[in-house]
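Here is a friendly walk through a few helices and loops. Please keep the model open beside the text as you read.

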Amino acid sequence: MEAISKYYLEDGHLEGIDNYTSDSTEKGRIIYEVIRVIDRVPLFYEDHIKRLESSFRLMGKTFSYKYDKIKDYLVSLIEANNVECGNIKLTFDIESDTMKVFSIKHSYPSEDMYKNGVETILYHGERINPNAKVIDSNFRQKVTDEINKANAFEAILVNSNGFITEGSKSNIFMIKEDTLYTSPLEDVLPGVTRGRIILLAKSLGISFEEKKISFEQLENIDAIFISGTSPKILPISKVDKINFNVENKIMQKLIKSFDEEIKIYINKFR
């Protein structure tokens with residue numbers, strides 16, 4: 001069972017975890033979001049709900065939820081389960097029109113990973129509908145098998161045209177000289193952290209460009225990093241056999257500034 005802790009919410013009603021039933025594994029049936037909780041605050045929840053609404057639209061569903069109502073769901077679960085930090089998942093079954101909100105197991109990078117970076121692999125494959133956050137268990141399992149086989153942290157997806165798109169469960173940014181690059185929005189999941197990093201880069205005066213970059217061009221890249229709800233901004237030390245600079249000044253500046261933005265958000269939420 002994916003849900004953990006004592007309680008979960010189903011269509012806004014607080015229920016004991018014993019009543020929880022697992023969501024369908026049917027491809028494309030479940031729309032979902034994962035929100036990180038830090039100091040009892042659902043981080044950037046507005047951005048997550050906005051993306052949830054977009055996923056509804058892409059799947060041909062009407063989004064009838066008020067943002068404040070979902071916020072109430074999150075706060076209610078945080079209080080009921082006494083969540084200081086962790087991840088909360090929202091799922092919506094497009095067949096039964098049922099929304100569930102529940103705590104899930106989380107795994108965050110260690111301090112050593114942030115300092116020394118993580119190793120990744122290339123995976124030639126892509127999600128069918130990259131802009132929508134829907135569960136595709138078969139694709140995820142294939143990628144996970146390859147990640148485990150290589151003892152890697154993440155897999156970087158390469159589409160049929162040979163361009164880098166995103167991570168299997170993250171977004172990918174690259175740095176060449178003084179410019180920050182990431183894949184065009186139409187090719188990837190519009191990650192909440194991705195969007196925050198782009199705004200942050202612009203506010204810091206860092207040159208930024210959405211650009212299709214071939215996996216064959218990786219050898220010319222100075223630095224590369226993962227972004228996501230759980231990892232935040234995580235340096236990559238190696239992609240297959242290619243090494244990268246984990247101490248890149250632009251990347252380190254973004255890491256520091258993003259952590260400061262999180263602190264500001266938490267203080268404002270309270």
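At 69% relative accessibility, N151 counts as exposed, where exposed means over 50% relative accessible area, buried under 20% and partly exposed in between (1.4 Å probe, protein chains only). N151 sits in the loop between α4 and β8, and its phi is positive, about 55 degrees, although it is not a glycine. Most residues other than glycine have a negative phi. This is a predicted model, in which local features need pLDDT of at least 70 and side-chain atom pairs count only at pLDDT 80 or more, while totals for chains, interfaces and linings use all residues. Residues are numbered from 1 along each chain as its sequence is written, and side-chain values use heavy atoms, with hydrogens and water left out.

D39 also has a positive phi of about 55 degrees without being a glycine. Its place is the loop between β3 (30-38) and β4 (41-42). With a relative accessible area of 40%, D39 is partly exposed.

Now to the helices. Helices (H or I, at least four residues) and strands (E, at least two) are DSSP runs, numbered from the N terminus. The expected span of a helix is 1.5 Å times one less than its number of residues.

| Helix | Number of residues | Expected span | C-alpha to C-alpha, end to end |
|---|---|---|---|
| α1 (residues 45-58) | 14 residues | 20 Å | 20 Å |
| α4 (residues 137-150) | 14 residues | 20 Å | 20 Å |
| α5 | 12 residues | 16 Å | 17 Å |

Which residues of α4 are buried? They include F139, V143 and I147. These residues cover an arc of only 70 degrees around the axis, which puts them on the same side of α4; the arc is that of the directions from the helix axis to the C-beta atoms. An α-helix has 3.6 residues a turn, so residues three or four places apart point the same way. The buried residues of α4 pack against β7 (118-124) and β8 (154-158). On the face turned away from that buried side, α4 carries the exposed residues N138, K142, N148 and K149.

In α1, the buried residues are Y45, H48, I49, R51, L52, S54, S55 and F56. Just after α1, G60 takes a positive phi of about 75 degrees. In α5, the buried residues are V192, T193, R194, R196, I197, I198, L200 and A201, and G205, just after α5, has a positive phi of about 75 degrees.

How do α5 and α6 pack, and at what angle? Helix α5 (residues 192-203) and helix α6 (residues 249-269) meet at about 110 degrees, with their axes 11 Å apart. That makes α5 roughly perpendicular to α6, a term for angles of 65 to 115 degrees. Axes are lines fitted to C-alpha atoms, for helices over the stretch in contact, and angles run from 0 to 180 degrees between N-to-C directions. From α5, T193, R196, L200 and A201 meet L254, S257, F258, E261 and Y265 of α6, with contact meaning heavy atoms within 4.5 Å. The residues of this contact divide into 5 nonpolar, 2 polar and 2 charged. Here Ala, Val, Leu, Ile, Met, Phe, Trp, Tyr, Cys and Pro count as nonpolar, Asp, Glu, Lys and Arg as charged, and the others, Gly among them, as polar.

One more loop residue is A132, between β7 and α4. At 0% relative accessibility, A132 counts as buried. Not counting residues up to four places away in sequence, A132 touches S55, L58, R127 and L189.

Methods: Angles under 35 degrees count as roughly parallel, over 145 as roughly antiparallel, 65 to 115 as roughly perpendicular and the rest as oblique.
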